[in-house]
Amino acid sequence: MRKLLFICLSMACILFSCSDNVNDTKKESNVDNDNLMKYTSYIDVINYKSGYYVNISNPWNENSLGEFYLYPDSLELPNELANKAVIRTPVQNVIAYSSTQWSVFLELGEISRVKGILESNYTDNIEIKRLLAEKKIEDVGIETSLKTEIVINLHPDVILYTPYSTVPKTEIGDLTGAVMFPFADYLENHPLGRAEWLKVIGFLTCREKDTEKWFDEIVNRYDSLKNTCQNVENRPTVFSDLPFEGQWYLPGGASYIAQIFHDAGADYIWSDNNSTASLPVDAETVLSKARDADFWRVMNSTNHKFTYESLAVENELYTYFKAYKNRNVIVCDIRESGYFEKSEYEPDLLLKDFVYAFHPELVEDDYKPHYFYRLKDEK
């Protein structure tokens, strides 16, 4: 399970500070320039006749990751779209590379449209496991080694892939005729920007009104709690994560989790760093800078029971941190909580978990954390 966490850290480490400005793209004359995405930095969705024009920005260069037209399958395709990348909606056969994609289909009751997923062994979702067992969804391998024959036999009309700068897009689109759609949600550094990608699934399934309502409710809850924390008198300090093979991979000061720390009324120890990427830092430097931090946020992916005692056994260095001594370690069990499947679309719950830890007086007394809980001593 530590391997799963390291994979996730490695993905984060290939990122670097990216401009918040999306690429300027020449719009067709029939395109309304009102962007339907309000918080994202890497995708524009704009009304186009009876469908949508979509542009996905490239953080690594000035080129676009892709331009697409989503157009109802019930209508005749306009002549000007004959040579464009068109996705007919609602999509029928989807391959979803990431759990953050298929989890939205599942929430919307549209999971029957998903025919293939990657690395199914990493999910404990009961419904997905059932569909896999019944062969209604197929495991199609890993991104760098797809089970090509299975993918071809699924006849996908669209493949939602995760665009990494170090992982080239495969030729599977040419083999299947599917539209390769870069789902760049993980690039967003604002919690609401990342969550807003759920609306993309709404556009693909013709459930726009449902996902718009869903997202608006997330925004209202998130902003309400954020505003409650803006004027707190005491802002505790916090640092994050555990080392892997002696190297600490810390969220940059402009990263997704750093933003949540800030919105929850805490000061992130590495907030003076303006990177959106994970920062490789040696253990001695972390101890020097974070020794007196009030809180310590940890992602747990081990199979054994996670306790203060197990932390001390793993590395005596951990016991030197103030957060360890004061029992202010905040833990998320990745598998138990479904963190990588659901938390992206529940940033309001993530925020509330941290507010509950940092400022419990601002949250109802009987609140039960969804993802991060304060680790307790065993009785």
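In this predicted model, Tyr69 has Val86 of strand 5 as its bridge partner. The two strands concerned, strand 4 and strand 5 (residues 86–89), run parallel and are joined by four bridges.

Strand 4 also pairs with strand 3 (residues 51–57), here in the antiparallel sense and over six bridges. One of the residue pairs is Ser57 with Ser64, the latter lying in strand 4. The connection from strand 3 to strand 4 is a hairpin of six residues. Strand 4 spans residues 64–72, and seven of its nine residues are buried, so the strand is largely enclosed by the rest of the structure. Buried here denotes a relative accessible area under 20%.

A further sheet is open and contains five strands in the order 16-13-18-19-20, with mixed pairing. Its edges are strand 16 (267–268) and strand 20 (373–374), each of which pairs on one side only. Within this sheet, strand 13 (residues 237–240) and strand 18 (residues 295–300) are parallel and share three bridges. Val238 is placed opposite Phe295 of strand 18.

The strand pairings described above with a bridge count are set out below.

| Strand pair | Sense | Bridges |
|---|---|---|
| Strand 3 and strand 4 | antiparallel | six bridges |
| Strand 4 and strand 5 | parallel | four bridges |
| Strand 13 and strand 18 | parallel | three bridges |

Val238 and Phe295 reappear in the surroundings of Phe358: leaving aside residues up to four places away in sequence, Phe358 touches Pro236, Val238, Phe261, Ala264, Ala266, Phe295 and Ile330. Apart from the largest nonpolar core lies another core of twelve residues, including Tyr97, Val140, Ile159 and Met180. The largest nonpolar core itself comprises 103 residues, and Phe358 is among those with the most contacts inside it, together with Phe181, Phe239, Trp248 and Trp296.

Turning to open space, the second largest pocket has a volume of about 230 Å³. It is lined by 14 residues, of which Glu107, Trp214, Lys342, Tyr345 and Glu346 are the closest to its centre. Two or more lining residues come from each of helix 2 (99–108), helix 8 (208–229), helix 14 (339–342) and helix 15 (347–358). Helix 2 supplies the largest share of this lining, with four residues. In terms of residue class, the lining of the second largest pocket holds six nonpolar, two polar and six charged residues.

Key:
Residues numbered from 1 in each chain as written. Predicted model: local features only at pLDDT ≥ 70, side-chain atom pairs only at ≥ 80, totals over all residues. Heavy atoms only, no water. 1 Å grid on protein atoms, 1.4 Å probe; cavity = no way out; pocket = protein on both sides within 12 Å on 5 of 7 lines; lining within 4 Å. Points joined across faces, edges and corners; volume = space filled by probe spheres on them. Nonpolar A, V, L, I, M, F, W, Y, C, P; charged D, E, K, R; others polar. Buried < 20%, exposed > 50% of the residue type's maximum accessible area, 1.4 Å probe, protein only. Pairing = 2+ DSSP bridges. Core = buried A, V, L, I, M, F, W, Y, C linked by side-chain atoms within 4.5 Å. Contact = heavy atoms within 4.5 Å.
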